[in-house]
Every structure is written in structure tokens, then in C-alpha cells.
Amino acid sequence: MPGSSHPKPRRFRSPAAVPAAALLPLLLLACSATPPRADPPPAPVVEVPAIRHPDGETPQWWYRSGAARAAANGAMQGRAKNVIVFLGDGMSLTTVAAARIFDGQRAGTPGEEHLLSWERFPHTAFSKTYNTDSQTPDSAGTMTAIATGVKSHMGAIGVSAGARWDCAGSRGRELLSWLRLAASSGMSTGIVTTARLTHATPAATYAHVPDRNWESDGVMPEKAREQGCRDIASQLLEFAPGTGLKVLLGGGRRHFLPAGERDPEHPDKEGARLDGRNLVQEWLQRNPGGAFAWNAAQFEAAADAPALLGLFEFEHMRYEHDRPRDPGGEPDLETMTREAIRRLSRDPGGFVLLVEGGRIDHANHEGNAYRALDETASMSRAVRAAAELTSPDDTLIVVTADHSHTLGFVGYPRRGNPILDKVRGRTSEDDDPDRYALDMLGLPYTTLVYANGPGYTGASSRQPAGPKRHFHAADSFEPAVGRPDLTAVDTTDPDYMQEALVPLSSESHGGDDVGIWARGPGSQAFRGTLEQHVIYHVIVQATPRLRERLCAAGTCNADGVPVELPAPADFGAAP
Ligand SMILES: [Zn+2]
């Protein structure tokens, strides 16, 4: 490694400022002090059979193709002890660019020059997000790709591609995630999310069902239960003894509590489980001395418990913007991330942690850019904390998104224009940059817009014609007539909903690429345009403990690269 075996290169002002003849002896001196550095060993080559798409895309092919790309990018040189994966759900590159300005402007700067915490990481790549059956993906199929190294169908949770409704067909197609793999390697594991713990992103790291909606038995089809599929929440408890998740923080009490049991925070609500099981009680039995917290005070009081389950909401946790109004109090994403790292980093053998900023996606779906940017800024604080609490010498941090959204960042706003404001600047290159730019109807417009969603400005079943206010659950729309006049509308208000071109009850995902930002051992393998499932392969190849566990199960080639599809049953999981 350059940092440890080779002296730090001297920083010269500029080659032109120092005569070359003066530089030469210095360079010779530097080089003679240590033996010449050997070139890194050539990256192992993994042969991938040529196939016809999509017919030839078997789970084995996806796995091997991902392994090949990760190895070619040098992931096998990584020596990570710990891995932290940050997943910004629905965090499109446009969301990142707008959130960067939003965050910078909150700090009193123009904003454009600002960077979110992960934008300072040294290595980046693009991620192609499509599902095996969909050009524009969902969060389940995408997280299955990220967590298991195999692309799958829209809605798939930890199983390879098949039909979403088909429980019987999904049996035997369970995939191994890096979280299960870490647990079976004896590493500590944890999940932090602002969404329900049973929601698609976290679920894909521990559960196996063909349909993401099967979060508890009460919401599963009868037939799927008869065919032996088990709900997502119950699978959270099914880690082999002694290998369970040590820290679980998020929302979603609904799927852990039995019907008839009132929610502690919202007494008008009750659990969704029809099998009578109380999974909170079962988790406490499996984790002697462990603590359960459903509010901020209990979370703080549980600091010394050896294991921690926090379920801070009946459904998803609150948006960061709405958190101060929560009856029981909720920790924010940074606080939860700090607590998870504090607990997991006690393990000398290393840890694997998933942290999801789960509600960036929801705010985008709801057509409310303010909350989407605010949630992204919140995740930036969590990533900054993780970078401060760990060392780039031993901890691989990967920040990515599962898929894009339709948020647009458009027009020619002048430098420093508030990102949520109307465009003050030019409609063409030679206009007055100090006035609101006007469209061809003579009306101002905002920098941020959505291509579709509930921000459509026609009259809806819930709100009159004109700009909409969050939260807007429309059942139907009437056609809009022209555009609303936003001259007197405060579009920077947190509840303002950006105009949407196409009326949809929920704004849709986008099919464009998302970013990968990485730091630490193996992170240099994140470069170029990567299929999303390559992320798994970089993680397992760059973490010796994960890689060796896969090799011990006979899934590696002669170069020690894990290339064969692992069976979860060989890793202590109970499919
Ligand atoms: Zn979504």
C-alpha cells in the first residue's frame, strides 16, 4: 500500500516552477531510500460465457459476470475489515446535485460549490439500475442486485428472477446477501433505516420472497403461505443462533406486532400479524439482555444493552422535517448511524452495516422536493459521521442509490438562486439575470420540476386547480388549463409541491444511472459504468473475511475469486 510501505510523495508546487534538473536528484533520493515498488499483481481474469439477452441471463451468469467485472477492476486487492453500505433510496444524481445546493445554501453560501459528504470520496462510478424484466426498476430488484450479486425481477426480495406472485417457483432460488454472509463469517452485522425494517431495501439483505409486499403474514396471499413462503418480518428472526443482527434500527412496528395488540405510540392502530406472533418479544428471547426501544428516550437508555432493536414508528419513520412533531420522539439518521457503528466496531473481527436513507424516495414519489433534499442532507450528515468514526485504512464505505426519479433541475437560474425558488435569471442567454424568468405564457417557473406525479396542477379529487400542497393523495385529476401563476406563491415553502407534467397518483422512478461513491480498501474498484450487481462483488472480493468464507464453501475459482452462485443453506441461513 502506498501509505504504509512507501514514503508519502513530496508535494511540489508545480513542475514548471522547479527546474527539471533540480527535481532529478530529489526523485532519485526518494527512490533509492526504499526498494522499487512492485507493480500490483495482474487482476485475475474470470471467463464469462457469451449469452443471448435476456434469455441467457441465468442467476449463475449474473453472478459470474459481476465477479468478472469486479475482479477486472482490481477488487481482489482490497483488504477491508469493515464494510458500511449507505443506500439513498431513490437518490437520483439530480437529487444529489439539488441537495448539495440546498445544503450549501442552508449554510449561507451560494451552494453550487458545496459538496455533500460522500462527494469528497476518492472513487466514483455509475450504476446501471434496470431489473431483469423492467427498464425502470424498483427498490426490491435493485437492492437484491446490490446485496446478492444477481439481478432479479421488479419486486424480488433476495430471490433470483421469476414471477412476482409465484411462491412455489421462488423456492430454491434464494440468494445469499453480504449481510448473511458476514453473519455466517462471525462478523457483526446491523441495519439502520428510516423506512420500515421490512421495506424493500433492508428486506433484500435478510429475506427471500418473490414479492416485496409480503411484509407480514397478514398481507400475504393464502396460496403463498400454503406453499411455504414466510413473511419478511418473520425472516428477520431466522439467522442461525449466535449470528443475528446486533443492531436493528428503523420503523415498521406494524409487521412485528400481532393483530389485537395496540401500538404503543398510536393507540388507534394495531399490529398486522394474523399468526398471533409478537416478533418483538421473540427477538428479545433470542437476544438475552437485548433491548427494545420504540422512542428516543428508550433508545438512549439502551446504550449498554448487548443487542438493540429500535422500531420508532408504526410505519416508516418520520421525515426529518416532521421529526420534531413525533409524539414519542425519534433519533435522526446520523444518531442511529453513530450508535450502530459504536456497537459494531467493538467486534475485533469486523462488521458489515447497511444504512438506508429510505425516505428520499418517498418524498420524490409524493412530488415534494423540499423533503427529498432535506432527507438527502440528513444522509450526508450520517455518512460524514461514519467517515469520521472509521478509518479509510480498514473500512470500506460505499454510498449509492437503488434507482433514479423524475426530478428535473432546469432553466437558467443565476448563481446562488435559492434551489427551491422560481428561476431568477435568463430564459435565454442575454436576458436580465435579476428578474424572474418568464415562460411563453408570461409566467414564472421553478428550477425544480417533476416529469410526473401528484404535483399536476389540474383540479384533483382533493385540492383545487393550481399548485398542490404536501401531502396530496389524489384519486383523480381534471385536465389542467395552462399553468398556474406562481408570482405570489412561495415555492420554497416545505409543503410546496413542484409542478408535474403528467398526472400520476405517485411520481415514478427514473431509468437513468445513479452514482456510486466509495472510500477505503477496495474502493478504487468502483470506476466506470457498472451493472448494479457488481457492487456486491466488489464488496465480497475486497473483504478477505467474506471472500474466504465463500471460498471455504467451494464457490471460488483457482485464483480465489468467488465466481459460483452460493447457496444460502451452506451459510447457516434457513431458506
Ligand atoms: Zn420508490
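His403 is a good place to start: this residue is buried, since 27 other C-beta atoms sit within 10 Å and 20 or more is enough to count as buried. Keep in mind that you're looking at a predicted model. In the chain, His403 falls in the loop between β8 (395-401) and β9 (404-405). The unreviewed UniProt entry lists His403 under "binding site", and that annotation leads to much of what follows.

**Around His403**
- Setting aside residues up to four places away in sequence, His403 touches Gly90, Thr129, Pro137, Ser139, Thr142, His509 and Val514.
- Along with His403, the UniProt "binding site" annotation (unreviewed entry) takes in Asp89, Asp361, His365, Asp402 and His509.
- These annotated residues are spread over 421 residues of sequence, yet they cluster in space, with a largest C-alpha distance of 14.3 Å.

**His509, a partner of His403**
- You'll find His509 in strand β17 (residues 509-510).
- Buried or exposed? His509 is buried, with 24 other C-beta atoms within 10 Å.
- Beyond its neighbours within four places in sequence, His509 is in contact with Gly90, Thr136, Pro137, Asp138, His403, Ser404 and His405.
- Gly90 and Pro137 turn up in the contact lists of both His403 and His509.

**Ser139, the annotated active site**
- The unreviewed UniProt entry puts the feature "active site" at Ser139.
- Ser139 belongs to helix α5, which covers residues 139-148.
- Like His403, Ser139 is buried: 27 other C-beta atoms lie within 10 Å of Ser139, and 27 is also the figure for His403.
- Which residues does Ser139 contact, leaving aside neighbours within four places in sequence? They are Asp89, Ala200, Thr201, Asp361, Asp402 and His403.
- Among those contacts of Ser139 are Asp89, Asp361, Asp402 and His403, which also carry the "binding site" label in the UniProt record.

**The nonpolar core**
- The largest nonpolar core holds 136 residues, and Ile157, Trp178, Val398 and Ile539 touch the most other members.
- Helix α15 (residues 369-389) is the top contributor to this core, giving 10 residues.
- Domain 1 (59-406 + 525-569) and domain 2 (422-507) both supply residues to this core, so the core lies between them.
- Not counting neighbours within four places in sequence, Ile157 has contacts that include Ala140, Thr144, Ala200, Val209 and Ile232.
- As a general background point, nonpolar side chains in soluble globular proteins tend to be buried together.

**Two domains**
- The chain splits into domain 1 (59-406 + 525-569) and domain 2 (422-507).
- Their C-alpha centres are 34 Å apart.
- Where the domains meet, 11 residues of domain 1 are in contact with 16 residues of domain 2.
- On the domain 1 side, α14 (360-365) and α15 each supply at least two of the residues that touch domain 2.
- By class, that side of domain 1 has 3 nonpolar, 7 polar and 1 charged residues.

**The whole chain**
- Overall, the chain has 17 helices and 19 strands.
- With a radius of gyration of 25 Å, close to the 25 Å that the globule rule gives for 575 residues, the chain is as compact as a globular protein of that length.
- The C-alpha atoms fill a box of roughly 75 × 70 × 55 Å along the principal axes.
- Of the 575 residues, 52% count as buried.
- Looking at contacts between residues at least 6 apart in sequence, 70% join residues at least 24 apart.

Methods. Residues are numbered from 1 along each chain as its sequence is written. This is a predicted model: local features need pLDDT of at least 70, side-chain atom pairs count only at pLDDT 80 or more; totals for chains, interfaces and linings use all residues. Helices (H or I, at least four residues) and strands (E, at least two) are DSSP runs, numbered from the N terminus. The radius of gyration is taken over C-alpha atoms; the globule rule is 2.2 Å times the number of residues to the power 0.38. A residue is buried if 20 or more other C-beta atoms lie within 10 Å of its own, exposed if 12 or fewer, and partly exposed in between; C-beta atoms are placed from the backbone. Two residues are in contact if their C-beta atoms, placed from the backbone, lie within 7 Å. A nonpolar core is a set of buried Ala, Val, Leu, Ile, Met, Phe, Trp, Tyr and Cys residues joined through C-beta atoms within 7 Å. Domain bounds come from an automatic or database domain assignment. UniProt positions are given in the numbering used here, feature names are shortened, and annotations may be inferred rather than shown by experiment. Ala, Val, Leu, Ile, Met, Phe, Trp, Tyr, Cys and Pro count as nonpolar, Asp, Glu, Lys and Arg as charged, and the others, Gly among them, as polar.
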